[in-house]
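The exercises below ask you to work from the structure shown here, with each task followed by a solution that goes step by step. Try each task on the display before reading on.

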Amino acid sequence: MQLDLPPPIAAYLAAHGRRSDGIADLFVQDAVVKDEGHSYLGVAAISRWLTESSAKYDFTVQPIAGETADGATIVTCRVTGNFPGSPVDLRYRFRVDGDKIASLEITP
């Protein structure tokens, strides 16, 4: 499904699961990511999270629905890979600041 997403979100979803290099550059310096009960603050921590998740599992992310609410862009994605429970639909809640991602929360 083709969704009309802000450029940094579209770039993140196109690359996430396929590669980790350069994805952290899509985030503002003090961005925060919340995933699986953990928070990652700042580009260095987000870069480590991306590298570790890419090394741990092979997966693809396919956007299947999108909406906006309270200033956030929420994209439901089907995530398929070699992890327990695959495939799973996850909600990616993005906040964008200018041309970068300010926050991302990933929930079931």
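**Exercise 1: An aromatic pair in two loops**

Decide whether Phe83 is buried or exposed, then classify its ring pairing with Tyr57.

Solution. In this predicted model, Phe83 has a relative accessibility of 16%, and because buried means under 20%, Phe83 counts as buried. Tyr57, with a relative accessible area of 25%, is partly exposed. A search of the whole structure finds six aromatic pairs. For the pair of Tyr57 and Phe83, the ring centres are 6.0 Å apart and the planes stand at 75°, so the pair is edge-to-face. As for position in the chain, Tyr57 sits in the loop between H2 and E3, while Phe83 sits in the loop between E4 and E5, so that the pair links distant parts of the chain, 26 residues apart.

**Exercise 2: The nonpolar core**

Find which residues have the most contacts inside the largest nonpolar core, and which elements supply it.

Solution. The largest nonpolar core has 30 residues, and those with the most contacts inside it are Tyr12, Leu13, Phe27, Trp49, Tyr92, Phe94 and Leu104. At least two residues of this core come from each of helix H1 (7-15), strand E1 (27-35), helix H2 (43-56), strand E3 (59-69), strand E4 (72-81), strand E5 (88-97) and strand E6 (100-107). The largest share, five residues, is supplied by H2.

Next, take Phe94 as an example: leaving aside its neighbours within four places in sequence, Phe94 is in contact with Ile9, Tyr12, Leu13, Ala72, Thr73, Val75, Ile101, Ser103 and Leu104. Finally, Phe94 belongs with Tyr12, Phe27 and Tyr92 to one aromatic cluster.

**Exercise 3: The two sides of helix H2**

Check the length of H2 against its expected span, and work out where its buried residues lie around the axis.

Solution. Start with the length: at 1.5 Å a residue, the 14 residues of H2 should span 20 Å, and the end C-alpha atoms are 20 Å apart, which agrees. The buried residues of H2 are Val43, Ala45, Ile46, Trp49, Leu50 and Ser53. These residues cover an arc of only 160° around the axis, which puts them on the same side of H2. On the face turned away from that buried side, H2 carries the exposed residues Glu52 and Ala55. As a last step, look for the packing partners of the buried residues, which are H1, E1, strand E2 (38-41), E3 and E6.

**Exercise 4: The salt bridges**

State how many salt bridges the structure holds, then locate the partners of each and judge their exposure.

Solution. Side chains of opposite charge can pair when their charged atoms come close. The structure holds two salt bridges.

In one of them, the side chains of Arg91 and Glu67 meet at 3.7 Å, N to O. This pair links distant parts of the chain, with Arg91 in strand E5 and Glu67 in strand E3, 24 residues apart. Arg91 has 32% relative accessibility and counts as partly exposed, and Glu67, at 39%, also counts as partly exposed.

In the other, the side chains of Arg78 and Asp89 meet at 2.7 Å, N to O. Here too the pair links distant parts of the chain, since Arg78 lies in strand E4 and Asp89 in strand E5, eleven residues apart. Arg78 counts as partly exposed at 38% relative accessibility, and Asp89 is partly exposed with a relative accessible area of 32%.

Notes: Residues numbered from 1 in each chain as written. Predicted model: local features only at pLDDT ≥ 70, side-chain atom pairs only at ≥ 80, totals over all residues. Heavy atoms only, no water. Core = buried A, V, L, I, M, F, W, Y, C linked by side-chain atoms within 4.5 Å. Buried < 20%, exposed > 50% of the residue type's maximum accessible area, 1.4 Å probe, protein only. Helix = DSSP H or I, 4+ residues; strand = E, 2+ residues; numbered from the N terminus. Contact = heavy atoms within 4.5 Å. Expected span 1.5 Å × (residues − 1). Arc of directions from axis to C-beta. Salt bridge = Lys/Arg side-chain N within 4 Å of Asp/Glu carboxyl O. Phe/Tyr/Trp six-rings, centres within 6.5 Å; stacked < 30°, edge-to-face > 60°.
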